[in-house]
Amino acid sequence: MQNNRVSLTQFIIEEQRRVKGATGDFTSLLNDIVTACKQISGLVNKGALVGVLGSAGSENVQGETQKKLDIISNEIFLQTNEWAGHLAAMASEEMDDIYPIPARYPRGKYLLTFDPLDGSSNIDVNVSVGTIFSILRCPGNCENPTAEAFLQPGTQQVCAGYAIYGPSTMMVLTTGHGVNGFTLDQSIGEFVLTHANIQIPADTNEFAINASNMRFWEKPVKRYVDECLAGKTGERDKDFNMRWVASMVAEVHRILTRGGVFMYPLDSKMKDKGGKLRLMYEANPMSFIIEQAGGASSTGRTRIMDIQPTGLHQRVPVILGSRNEVERIISYHQDA
Ligand code: AHG
Ligand code: MN
Ligand code: MN
């Protein structure tokens, strides 16, 4: 039987061979991240059978109620990635401060940020959730990493990716040379390349936004959505379809698959917070993936990856997806 399947392990080793002077450190780090995602996938999949659903009865630094799986997934990420000597520190949605690699392990040259379980409000209702991560280089002396070391614009990311735990478990990655998707073959426990060189169509007639916030939106966003809703009878002269999964991972995955635009814009009730989604472990990694697949990602006013972060848990407005639609929404912001 001919076997021309490419595993994720093979794919990243072959990518490493193309990088002059690569030590294998990065490849090995990525392998550990993949292992963590496989473990989370297993738990998400077993759900109530292993008692992991429901609330943990605690709150994270952002004042959000934590699910049991938010905390378990965070622990899995820490344990799987702390020992190998590739990282100096980690930061996550579920931890107030950074997690420097414990002194009993060697410290390495990379920093890892992650959202261990994205869309966790969907976990109890059996709808797709995911894990988002971003890898940065640790600047300067990595012996004693600080939160400041993490505050690098998204353009500095070495790698970004997400795992989506849906009908199948997939891993989607970029290291700055396009975007590739891998599907977990449960029978062998390996991710297999199934979606090579993903490209987002530049045009779309599908948008995603939490419309319950409509009365709080800024004018440019309201204008865009009104025009979509008017469909053939309005300015746009075509009908639009709407989706809202409430898992950013699932929305981005849909956009990578068939195009679309996703918005979590600034609105008047969260103005002091700066937005809903977090820059370091949601907006930046997703923006890197979207741009690498030919899409665009902006706050409406600024390219997300150009933002100089000021805090680990900083929030930003997010408008991303099919290039021509995102550019249209940016132009509406300029008009206003
Ligand atoms: P998380 O579960 O990691 O806190 O992220 C949830 C985020 C994002 O995935 C999703 O797009 C959005 O919050 C959903 O917001 P609403 O609850 O307003 O629908
Ligand atoms: Mn999230
Ligand atoms: Mn989360």
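## The surroundings of ligand 1

In this predicted model, ligand 1 is surrounded by 18 residues, and the closest of them are D118, G119, W244, M248 and Y264. By type, the shell around ligand 1 consists of 7 nonpolar, 4 polar and 7 charged residues.

Two domains contribute to this shell. Domain 1 (2-195) and domain 2 (206-335) both give residues to the surroundings of ligand 1, so the ligand lies between them.

## Polar contacts and cover

Oxygen atoms of ligand 1 take part in several polar contacts. A polar backbone atom of S120 is 2.9 Å from one oxygen atom of the ligand. The side chain of N210 has an N or O atom 3.0 Å from an oxygen atom of ligand 1, and for a polar side-chain atom of E282 the distance to a ligand oxygen is 3.4 Å.

On its own, ligand 1 has 470 Å² of accessible area, and the protein covers 85% of it. Three elements give two or more residues each to the shell: β5 (110-118), β13 (261-264) and β14 (277-278). Of the elements, β5 gives the most, with 3 residues.

## The manganese ions

Which residues coordinate the manganese ion that is ligand 2? The donors are D115 (OD), D118 (OD) and E282 (OE), at 1.9 to 2.1 Å. Along the sequence, these donor residues follow the spacing D-x2-D-x163-E. D118 belongs to strand β5 and E282 to helix α6 (residues 279-292); this pair is 164 residues apart and links distant parts of the chain.

A second manganese ion, ligand 3, lies 3.7 Å from ligand 2, and D115 bridges the two ions. Two of the donors to ligand 2 also appear in the description of ligand 1: D118 is among the closest residues to ligand 1, and E282 has a polar side-chain atom 3.4 Å from an oxygen atom of that ligand.

## The sheet that contains β5

Strand β5, which gives 3 residues to the shell around ligand 1, is part of an open sheet of 8 strands. The order of the strands is β4-β3-β5-β6-β7-β8-β9-β10, with mixed pairing. At the edges are β4 (99-100) and β10 (190-195), each of which pairs on one side only.

How many bridges join β5 to strand β6 (residues 129-137)? The two strands pair over 7 bridges, in the antiparallel sense. Within this pairing, F114 stands opposite F133 in β6. In general, the strands of a sheet pair through backbone hydrogen bonds, either parallel or antiparallel.

Note on methods:
Residues are numbered from 1 along each chain as its sequence is written. Chains are lettered from A and ligands numbered from 1 in the order in which they are written. This is a predicted model: local features need pLDDT of at least 70, side-chain atom pairs count only at pLDDT 80 or more; totals for chains, interfaces and linings use all residues. Side-chain values use heavy atoms; hydrogens and water are left out. A residue is near a molecule or strand if one of its heavy atoms lies within 4 Å of it. A polar contact is a pair of N or O atoms within 3.5 Å; within protein, one must be able to donate a hydrogen and the other to accept it, and residues adjacent in sequence count only if both atoms are side-chain atoms. Accessible areas come from the Shrake-Rupley method with a 1.4 Å probe; for residues, only the protein chains shown count as cover. Helices (H or I, at least four residues) and strands (E, at least two) are DSSP runs, numbered from the N terminus. Ala, Val, Leu, Ile, Met, Phe, Trp, Tyr, Cys and Pro count as nonpolar, Asp, Glu, Lys and Arg as charged, and the others, Gly among them, as polar. Domain bounds come from an automatic or database domain assignment. Two strands pair if DSSP finds at least two bridges between them. Donors are N, O and S atoms within 2.8 Å of the metal (3.2 Å for Na, K and Ca); water is not among the atoms, so sites may look incomplete.
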